[in-house]
Amino acid sequence: MGRGGIGDARIAHPIVGGHEMAGIVRGGRLDGVRVAIDPAIPCRHCDLCRAGHPNLCRDIVFAGHGLRDGGLQRYLPWPTDRLFPLPGTMTDADGAMLEPLGVAIHAVDLGHVPLGADVAVIGAGPIGLLLIQVARAAGAARVLSADPLPHRREAAARYGADAVLDPAAPGYESALAAFTDGRGVDVAFEIAGTDAAIEAAIIAARPGARVVLGGIPSTETSAFPAATARRKGLTFAMVRRMKEVYPRAAALVSSGRADVRSLVSHSYPLEQVATAFETGNARTGLKVVVTPVP
């Protein structure tokens, strides 16, 4: 992530961050209800909203972005229709985790994962680990995960990956070929935001496969081996946040088909938010959360 922004999105003035959120409503018809908070507020009127693509809304408002403050504060005014009541079995942290789970669900939707498919997930950060679980729930027969960090590879195995590889290791391509008997996977998901991860996904994909790019690059451009992608006739899809998936995300968690709670490796109170960011930036754990003010 670049200083003061990411990719071509820059922060031009002080803003309260935080877009993975849950809390208790004060006032209105949901008073006292614990809810997950969708950070996106689409206009509902533009051509893209009317066409069923509110995540691509031309006038979208997003928490912790642009001019709208996010959730790292005690109180946050937010539209009632963007609040989703949580089952009693779910905690605040569970509710906040529905946002990254929603991104994973949207990515799998874009991947058109066939029943019984072989799938690769390149990048085993929180969204990648959730994507492994969602791909399983969507009917993938086997899931391969690749990440250069050992603790993330270990986590990928815990969350259901059948094979876990280091994409930077000399034997990556041969190990990948062994996993699919030289065929390649049906759908490859890139969830790391680097050129190396895009290349690893392209290498993993079989001819005619879909490659879903969900990582957010730290720069404005990405590069990949276009010759290989062309020869394979790959179809690319780009993930832009999520598309109205909060009820589905909550149902996956409630049914036990997606585990979000154990992904939280660190928790800090709001007054230690700087430490929370330092911990997250160190990439030594999995998911870092900031807890509500009592």
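A residue counts as buried under 20% relative accessible area, as exposed over 50%, and as partly exposed in between. This report applies that scale to a predicted model and considers aromatic rings, charges over rings and helix packing.

**Aromatic pairs**

Phe224 has a relative accessibility of 39% and therefore counts as partly exposed. Its partner ring belongs to Phe236, and the two form a tilted aromatic pair, with 5.3 Å from centre to centre and 40 degrees between the planes. This pair joins distant parts of the chain: Phe224 lies in the loop between β12 (205–213) and α8 (226–232), while Phe236 belongs to strand β13 (residues 235–238), 12 residues apart. Phe236 is likewise partly exposed, because its relative accessibility is 31%.

The count of aromatic pairs comes to two. Phe84 and Tyr246 make up a stacked pair, whose centres are 5.1 Å apart and whose planes differ by 10 degrees. Here too, distant parts of the chain are linked: Phe84 is in strand β7 (residues 83–85) and Tyr246 is in helix α9 (residues 246–254), 162 residues apart. Tyr246 has a relative accessible area of 2% and is therefore buried.

**Charges over rings**

Two arginine residues are described here in relation to phenylalanine rings. Arg142 lies over the face of Phe179, at 4.3 Å from the ring centre. In the case of Arg241, the charged end sits over the ring of Phe62, at 3.7 Å from its centre.

**Helix packing**

The table gives the geometry of two helix pairs.

| Helix | Partner helix | Angle between axes | Axis separation |
|---|---|---|---|
| α4 (residues 126–137) | α5 (residues 150–158) | about 20 degrees | 9 Å |
| α6 (residues 172–179) | α7 (residues 195–204) | about 40 degrees | 10 Å |

How are α4 and α5 oriented with respect to each other? Angles under 35 degrees count as roughly parallel, and α4 and α5 are therefore roughly parallel to each other. The crossing in which α4 passes α5 is right-handed. On the α4 side, Pro126, Leu129 and Ile132 meet Arg152, Ala155 and Ala156 of α5.

Helix α6 also passes its partner, α7, in a right-handed crossing. Which residues make the contact between α6 and α7? Helix α6 contributes Tyr172, Glu173 and Leu176, and helix α7 contributes Ala200, Ile203 and Ala204.

Conventions: Residues are numbered from 1 along each chain as its sequence is written. This is a predicted model: local features need pLDDT of at least 70, side-chain atom pairs count only at pLDDT 80 or more; totals for chains, interfaces and linings use all residues. Side-chain values use heavy atoms; hydrogens and water are left out. Rings of Phe, Tyr and Trp (its six-membered ring) pair if their centres lie within 6.5 Å; planes under 30 degrees apart count as stacked, over 60 as edge-to-face and the rest as tilted. Helices (H or I, at least four residues) and strands (E, at least two) are DSSP runs, numbered from the N terminus. Buried means under 20% relative accessible area, exposed over 50%, partly exposed in between (1.4 Å probe, protein chains only). A charge sits over a ring if NZ of Lys or CZ of Arg is within 6 Å of the ring centre and within 35 degrees of the ring normal. Axes are lines fitted to C-alpha atoms, for helices over the stretch in contact, and angles run from 0 to 180 degrees between N-to-C directions. Angles under 35 degrees count as roughly parallel, over 145 as roughly antiparallel, 65 to 115 as roughly perpendicular and the rest as oblique. A crossing is left-handed if the near helix is turned anticlockwise from the far one by less than a right angle, and right-handed if clockwise. Contact means heavy atoms within 4.5 Å.
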